[in-house]
Structures are given as C-alpha cells and as structure tokens.
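Here's a friendly walk through a protein model. Have a look at it first, then read on for a guided tour.

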Amino acid sequence: MAEILRLENIRKSYPSPDGDSLVILSSVNLSLNDGETVSVIGRSGSGKSTLLAVAALLSQPDSGDILYRGESILALDDKRKAEMRQKNLGFIFQSSLLLADFSALENTAMPLMISGMRKREAFERASEILDTLGLKERKNHRPSALSGGERQRTSVARALVTSPDIVFADEPTGALDEKSAAEVEEMLLDAVRKGGHSMLLVTHNPDFASRADRVLTLSGGTLHE
Ligand SMILES: Nc1ncnc2c1ncn2[C@@H]1O[C@H](COP(=O)(O)OP(=O)(O)O)[C@@H](O)[C@H]1O
Ligand SMILES: [Mg+2]
C-alpha cells in the first residue's frame, strides 16, 4: 500500500513561563498509508493534540520532517500550506466549530464554495453526504437547533465533503454522551472507509481506538505500537 503521510523525528516544544522550553514531542515517527485509519491514544497532556496539529500543518515543529506522498511539505510557504489543507486535508475537533448563523447544509457546503464550486452543486454534494450521516431531516437546522451528536455528524460531513486524502480527528466524540458518541463513531469510521480516506484519530475511548486499523500510544514524547 502506498504511503501518504510520514512524520520523521518530529520535535515540538513550547516556551515555558520560566524561560525554558517544555518539550512535548521529542521524536515522533509515524507512517500513514492510503486508506488507512490510525488511532493515537495517550493520557491527557501527553501531546496528542499537539501531534495532530503538527501533522495537519496547523503548527510548525522545532525540527524533523513531514512528507506527503514522499515529498517534504514542511518548507512550503503559508499560502501553499493553506491550499493543501483546503484541498487535501479534513478536520474534526471535539467541539464542532460550526458557524452559528448557517444551517447544517450551508455549513457543510461552505468548504466547497470556498474552493470555488458553484452554490447549486455544492449544496447537492453537501446534501448527499448529510443524508448518509443520518441528517436528512435536519439539513435546514442551525447548529443551535441540533443535538451534540447531530452537530458532530455535521462536522464529519463538512470535513469529508471535499473528499480529503487525510482526515484528522481530535477527540471527535469526546464531548458527547455514550449513546451519541457511539453513533458518531460508527458513522465516522464507516464514511471514512467508504470514501477511501486515510485518518489520524485521537481518542480517549479505547474501544473506539481499537476499531482503527492500527493503534499507537503517545507517551514520553514518542509514539509506540
Ligand atoms: N500553545 C501552547 N503553549 C504552551 N503549552 C502548550 C500549548 N499547547 C499545549 N501545551 C502543553 O503541551 C502539553 C500537551 O498538550 P496537548 O497536545 O493538548 O495534549 P493532549 O491533547 O494529549 O491532552 C500540555 O502540557 C499542554 O499544557
Ligand atoms: Mg487534546
């Protein structure tokens, strides 16, 4: 299987209040294949969100390299990185970050329209993916009129609607009750696999984590099988 993303010796630190630096990731190595789902577990504060942000080009590491289909992408300028995030990557966070004044349909169609797709086609695609996520009857609701699980399913739709190569999900069900978390987990994994996307998933839930193709543990600043 072809490798789509590779992290090599990633080091990331934050400045600490006493002037030193706090090393969060000391040497992270990771390989993600086309269509593969990999979950990352680890205790709170171990650096999971930091790792995801670095891998998704949202945060610059101190050193190390990131290869996308064999090519280093860390040195791309901000504009190219933004383009790459828009075209090739999808994001789901613990809280949905949907725009409050727009319906589920509009929120889902937004990334397509930002990429220049015409409204009619964008709405058609958004509508289809919302249907597959069980939101057929909820498309015209604003986020405030949706349950937590419905909001997260809308976030899944918004992340997948552009057909990204890689989906980055940081505790996507972490704020949900058990029942809606289970629903969202099921639908997310199903949609990611059907769509042929790769996924890097951070979760607290060991059951959810174990349903990925591989589970890695982050501790002491490195990833372990
Ligand atoms: N912007 C930041 N500045 C300073 N420290 C940070 C910053 N972001 C995260 N940290 C620290 O880095 C560590 C790892 O955080 P995080 O990646 O959010 O862990 P996790 O997602 O595993 O809970 C924590 O100790 C956190 O306080
Ligand atoms: Mg986190």
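## The big picture

Let's start with how the chain contacts itself. Of the contacts in the protein with a separation of 6 or more, 69% are between residues 24 or more positions apart. Keep in mind throughout that this is a predicted model.

As for the parts list, the protein has 7 helices and 10 strands. Its radius of gyration is 17 Å, close to the 17 Å that the globule rule gives for 225 residues, so the protein is as compact as a globular protein of that length. Measure the C-alpha trace along its principal axes and you get a span of about 50 × 40 × 40 Å.

## Inside and outside

How much of the protein is buried? Of its 225 residues, 49% count as buried. The accessible surface comes to about 11100 Å², and carbon and sulfur atoms hold 48% of that.

Then there's charge. The protein carries 27 positive and 32 negative charges, and the mean positions of these two sets are 5 Å apart.

## Salt bridges

Side chains of opposite charge can pair when their charged atoms come close. A search of the whole structure turns up 16 salt bridges. One of them joins the side chains of Asp 34 and Arg 69, at 3.2 Å from N to O. Asp 34 sits in the loop between β2 (21-33) and β3 (37-41), and Arg 69 in the loop between β4 (63-68) and β5 (71-72), so this pair ties together parts that are 35 residues apart in sequence. Asp 34 is partly exposed, with a relative accessible area of 27%, and Arg 69 is partly exposed too, at 42%.

Another salt bridge links Arg 214 and Glu 225, where the closest N and O atoms are 3.5 Å apart. Arg 214 lies in strand β9 (residues 214-219) and Glu 225 in the segment after β10 (222-224), so the pair ties together parts that are 11 residues apart in sequence. Arg 214 is partly exposed, with a relative accessible area of 22%, whereas Glu 225 is exposed at 74%. Elsewhere, Asp 131 pairs with Lys 139, with 2.7 Å between the closest N and O atoms. Asp 131 is partly exposed at 29% relative accessibility, while Lys 139 is buried at 13%. There's also a network of salt bridges that links Glu 3, Arg 6 and Glu 8.

## An enclosed helix

Why call helix α3 largely enclosed by the rest of the structure? Because 8 of the 11 residues of α3 (residues 104-114) are buried. Those buried residues are Ala 104, Leu 105, Asn 107, Thr 108, Ala 109, Met 110, Pro 111 and Leu 112.

What covers them? The cover includes two other helices, α4 (119-132) and α5 (148-160). After α3 comes Gly 116, whose phi is positive, near 100°.

## His 141, by the start of α3

His 141 is found in the loop between α4 and α5. With a relative accessible area of 29%, His 141 is partly exposed. Leaving aside residues up to four places away in sequence, His 141 touches Ser 103, Ala 104 and Leu 146. Ala 104 is also one of the buried residues of α3.

How far apart are the C-alpha atoms of His 141 and Glu 106? They are separated by 9.7 Å, with the two positions 35 residues apart along the chain counted as their spacing.

## Two spots to compare

Thr 37 has its place in strand β3. Is Thr 37 buried or exposed? At 1% relative accessibility, it counts as buried. Setting aside residues up to four places away in sequence, Thr 37 touches Val 192, Arg 193, Met 199, Ala 212, Asp 213 and Arg 214. Arg 214 is the residue that forms a salt bridge with Glu 225.

Asp 20 is in the loop between β1 (3-15) and β2. Asp 20 touches Tyr 14 and Pro 15, again not counting residues up to four places away in sequence. Asp 20 and Leu 32 are 12 residues apart in sequence, yet 33 Å apart in space from C-alpha to C-alpha.

Technical notes:
Residues numbered from 1 in each chain as written. Chains lettered and ligands numbered in written order. Predicted model: local features only at pLDDT ≥ 70, side-chain atom pairs only at ≥ 80, totals over all residues. Heavy atoms only, no water. Helix = DSSP H or I, 4+ residues; strand = E, 2+ residues; numbered from the N terminus. Rg over C-alpha atoms; globule rule 2.2 N^0.38 Å. Buried < 20%, exposed > 50% of the residue type's maximum accessible area, 1.4 Å probe, protein only. Contact = heavy atoms within 4.5 Å. Areas by Shrake-Rupley, 256 points an atom, 1.4 Å probe, with all protein chains shown as cover. Lys, Arg positive; Asp, Glu negative; His and termini not counted. Charge placed at Lys NZ, Arg CZ, Asp CG, Glu CD. Salt bridge = Lys/Arg side-chain N within 4 Å of Asp/Glu carboxyl O.
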